[in-house]
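Thanks for sharing this one. Below are a few friendly notes to read alongside the coordinates.

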Amino acid sequence: MASLELREIRKSYGNVTVLDGVSLTMEAREFIAFLGPSGSGKSTLLRIIAGLETPDSGEVVLDGRRIDTLPPGQRDVAMVFQHYALYPHMSVRENMAFGLRNTGVSETEISARIDQAATALEIGDQLDKKPGQMSGGQRQRVAIGRAIVKNPALFLLDEPLSNLDAALRTRTRVELAQLRKRVDAAVIMVTHDQAEAMTLADKIVVMNDRRIQQIGSPMEVYGRPANAFVARFVGSPPMNLVPASLVVGQNALARVKLSDGAELATQVPRKGLPGAAALQIGMRPENVAVVAAGNGTTDAEVQLVERLGERTLVYALLDDGAEITAQDEGNSPVRIGDRIGLLIDGAAVHLFGPDGAAHHPERDA
């Protein structure tokens with residue numbers, strides 16, 4: 001049985017539509033990340049599941065039971081907020097026990113649940129402290145612990161790592177990955193950080209413009225984006241999108257022409273492509289190699305060189321002004337202002353039509 005079903009959820013604030021017919025099915029024990037830019041509706045959707053917002057229409061079903069008509073406390077859902085929302089005058093133990101006492105759980109059971117959660121989160125020696133005496137990472141663990149002790153069917157995490165510094169964020173990300181193995185519940189996390197989504201989630205739900213743009217595993221979303229928005233949003237740096245046109249011919253696989261006249265054979269089936277319309281070529285930086293000028297698919301001028309140790313990212317400008325990012329070896333000799341060649345791997349190229357829809361290379365290419 002699916003753990004969670006969202007059925008045609010719609011939400012507006014006045015004349016502004018925030019969610020427009022969002023539907024989703026989530027399996028038991030699955031970890032899903034809602035990923036999207038600010039204003040895409042992901043946090044509103046999370047709050048509707050939690051009961052903190054009311055949808056204008058649609059249904060929220062958890063473990064076969066409709067819950068959108070129930071108050072938050074009766075939904076069997078626990079939420080971890082971005083800003084912790086801990087009671088500053090209470091100890092860690094009291095913070096974790098507060099919600100359980102309100103629902104009539106016995107003190108013996110409360111103590112057992114707190115001890116178990118504190119052990120899992122490695123905060124057993126912090127239970128008598130107040131939140132103000134703890135670091136940001138420790139407070140975030142307390143917030144997660146307060147959710148764990150409820151033994152919910154569904155955890156909701158709203159930007160749980162956004163208030164942590166870079167080093168602590170990485171460590172807490174690892175802890176979340178380990179923790180999910182110990183928790184017998186489904187998890188939904190809202191984030192704008194794709195590294196978090198790619199690392200933690202079984203499935204990513206990419207949202208934009210009030211709707212779900214794509215649902216898939218992290219590598220499905222990265223490797224076969226549904227449209228130009230997903231291609232540009234997922235990936236750091238994002239997928240290159242360069243104007244091109246379809247070369248007339250009878251081949252089963254598309255051949256395209258760049259603005260400088262350079263042609264590229266792809267593994268994208270010609271069938272289904274818009275014939276006379278302008279296209280965009282999509283390629284990840286790792287599929288664009290730096291070579292000597294005149295020896296590649298096309299030439300470009302280097303605008304920026306980003307040295308990352310094991311690899312170098314080269315940001316260049318094509319003659320038509322289009323920007324393209326290529327990947328070179330770690331000790332690349334390329335410098336700003338150099339004229340270079342870019343060798344594009346045609347087998348890895350995606351094509352995007354005027355409507356943004358993606359056309360992918362054949363899987364066995």
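1. Let me begin with one side chain, keeping in mind that this is a predicted model. Arg 284 touches Val 221, Tyr 222, Ala 231, Val 234, Gly 235, Pro 237, Pro 238, Met 239 and Asn 240, leaving aside residues up to four places away in sequence. Arg 284 itself sits in the loop between strand S14 (279–283) and strand S15 (288–292).

2. What is the nearest side chain of opposite charge to Arg 284? That is Glu 286, 5.3 Å away. A salt bridge needs a side-chain nitrogen within 4 Å of a carboxyl oxygen, and Arg 284, although buried, has none. You may like to look at this spot in your viewer.

3. Now to the sheet. Its 6 strands run in the order S6-S7-S8-S3-S9-S10, and the sheet is open with mixed pairing. At the edges are strand S6 (77–80) and strand S10 (211–216), each paired on one side only. From one strand to the next, the twist averages 20°.

4. Within that sheet, strand S3 (residues 31–35) pairs with strand S8 (residues 186–191) in the parallel sense, over 5 bridges. Leu 35, for instance, has Thr 191 of S8 as its bridge partner.

5. Two helices deserve a mention here. Helix H1 (residues 42–50) packs on the sheet and touches S3, S6, strand S7 (154–158), S8 and strand S9 (203–208). The direction of H1 makes about 145° with that of S7. Helix H4 (residues 136–148) also packs on the sheet, where H4 touches S6 and S7; the direction of H4 makes about 175° with that of S6.

Definitions and conventions. Residues numbered from 1 in each chain as written. Predicted model: local features only at pLDDT ≥ 70, side-chain atom pairs only at ≥ 80, totals over all residues. Heavy atoms only, no water. Pairing = 2+ DSSP bridges. Helix = DSSP H or I, 4+ residues; strand = E, 2+ residues; numbered from the N terminus. Axes fitted to C-alpha atoms, helices over the stretch in contact; angles between N-to-C directions. Contact = heavy atoms within 4.5 Å. Buried < 20%, exposed > 50% of the residue type's maximum accessible area, 1.4 Å probe, protein only. Lys, Arg positive; Asp, Glu negative; His and termini not counted.
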